[in-house]
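This briefing sets out selected features of one protein chain for a structural biologist. Please read it with the sequence and the model at hand.

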Amino acid sequence: MSKTKVDSTGIDLSDNFAFTGTVSGTPSTFVKTGALTSTTDAGSYSLDSCFSATYLNYFVTFKFAVAADGSEGYLRFRTGGSTNSASKYMSYNHYGQNSGNPGYSQNNSSDHAKLGYDLEATDTKAIQGFMYVFSPYSTTYLTNATTHFNAITQGGNRRFYIGGVQFDDTTSFDGFQLTQNTGNGSLVDLQCWGIKE
């Protein structure tokens, strides 16, 4: 392959360019480790075998809708196909909203981490966001997550959340679950990537 050297003043960056080659040697930082999508009502949605010893930390995108107005969204971790509902979850999420009244949602030593409350039961108004999950498979470190998501309440308020989750034990997890405090969920889209160190 021939190579042409161009002076820094030799390219007009306002022009349009087409690329037809292949770039190699550019490693991806994220590696897909799991996915789950469903539009069927269910008591919970679980993504198993997405965490392993291969990666220490993970990036997760999620969309989750509830089937009953006013429900709360919950996050729980899983091991070997079983949900851990020990009272060791801590969570705090601060939100701003379009009505101008900020607030927060928290729970301590609970059997779940809370992801939003007073939710609107419409699939098109599902919770949508992402989280970084730190050390879920490790038995040395506590499992932590930082969360960032948007939700709509049954009263129509648009809430914009940022917060965190901690499981207060060094339990090893290989998956997680989204569920609600009552009734069913109605939609889920979970995507998980391992982060290369």
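The points below are grouped by topic, from the overall fold to single residues.

The model described here is a predicted one. The chain has 13 strands and zero helices. Of its 197 residues, 40% count as buried. Among contacts with a separation of 6 or more, 73% are made by residues 24 or more positions apart.

**Fold**

- Read along the sequence, the secondary structure follows the pattern β-β-β-β-β-β-β-β-β-β-β-β-β.
- Strand 12 covers residues 175–180, and both Gln180 and Phe176 belong to it.

**Salt bridges**

- The structure contains four salt bridges, and three of them are described in this group.
- Arg78 and Asp48 are joined through their side chains at an N to O distance of 2.7 Å. Arg78 is in strand 4 (residues 73–79), while Asp48 is in the loop between strand 2 (44–47) and strand 3, so this pair ties together parts that are 30 residues apart in sequence.
- The two partners differ in burial class: Arg78 is buried because its relative accessibility is 8%, under the 20% limit, whereas Asp48, at 30%, is partly exposed.
- Glu72 and Lys114 form a further salt bridge, with 3.8 Å between the closest N and O atoms. This pair links distant parts of the chain, as Glu72 is in the loop between strand 3 and strand 4 and Lys114 is in strand 8 (residues 113–114), 42 residues apart.
- Glu72 has a relative accessible area of 18% and is therefore buried; Lys114 is buried as well, with a value of 14%.
- Asp169 and Lys88 are also paired in a salt bridge, their closest N and O atoms lying 3.4 Å apart. Here too distant parts of the chain are linked: Asp169 is in the loop between strand 11 (158–167) and strand 12, and Lys88 is in the loop between strand 5 (82–83) and strand 6 (89–97), 81 residues apart.
- Asp169 is partly exposed, at 27% relative accessibility, and Lys88 is partly exposed, with a relative accessible area of 32%.

**Phe176 in strand 12**

- Phe176 has a relative accessibility of 1% and therefore counts as buried.
- Phe176 and Phe77 are separated by 99 residues in sequence, yet their C-alpha atoms are 4.1 Å apart.
- Not counting residues up to four places away in sequence, Phe176 touches Tyr45, Ser46, Leu47, Cys50, Phe51, Val60, Leu75, Arg76, Phe77, Arg78, Met131 and Leu190. One of these, Arg78, is the salt-bridge partner of Asp48.

**Gln180 in strand 12**

- Gln180 is buried, at 6% relative accessibility.
- A polar atom of the Gln180 side chain lies 2.7 Å from the backbone oxygen of Gly43.
- Leaving aside neighbours within four places in sequence, Gln180 is in contact with Ala42, Gly43, Phe64, Val66, Ser71, Glu72, Tyr74 and Gly185. Among them, Glu72 takes part in the salt bridge with Lys114, and Phe64 and Val66 belong to the lining of the largest cavity.

**Internal cavity**

- The model has one cavity of 30 Å³ or more, and the volume of the largest cavity is about 40 Å³.
- Its lining consists of Phe64, Ala65, Val66, Leu119, Glu120, Thr122, Lys125, Ala126 and Ile127.
- Strand 3 (residues 57–66) gives the most to this lining, contributing three residues.
- By class, the lining has six nonpolar residues, one polar residue and two charged residues.

**Positive phi angles outside glycine**

- Ser49 is not a glycine, yet has a positive phi of about 60°. Ser49 is located in the loop between strand 2 and strand 3 and is exposed, at 56% relative accessibility.
- Asp118, also a residue other than glycine, has a positive phi near 55°. Asp118 is placed in the loop between strand 8 and strand 9 (127–134) and counts as partly exposed, at 24% relative accessibility.

Technical notes. Residues numbered from 1 in each chain as written. Predicted model: local features only at pLDDT ≥ 70, side-chain atom pairs only at ≥ 80, totals over all residues. Heavy atoms only, no water. Helix = DSSP H or I, 4+ residues; strand = E, 2+ residues; numbered from the N terminus. Buried < 20%, exposed > 50% of the residue type's maximum accessible area, 1.4 Å probe, protein only. Polar contact = N/O pair within 3.5 Å; in protein donor to acceptor, adjacent residues only side chain to side chain. Contact = heavy atoms within 4.5 Å. 1 Å grid on protein atoms, 1.4 Å probe; cavity = no way out; pocket = protein on both sides within 12 Å on 5 of 7 lines; lining within 4 Å. Points joined across faces, edges and corners; volume = space filled by probe spheres on them. Nonpolar A, V, L, I, M, F, W, Y, C, P; charged D, E, K, R; others polar.
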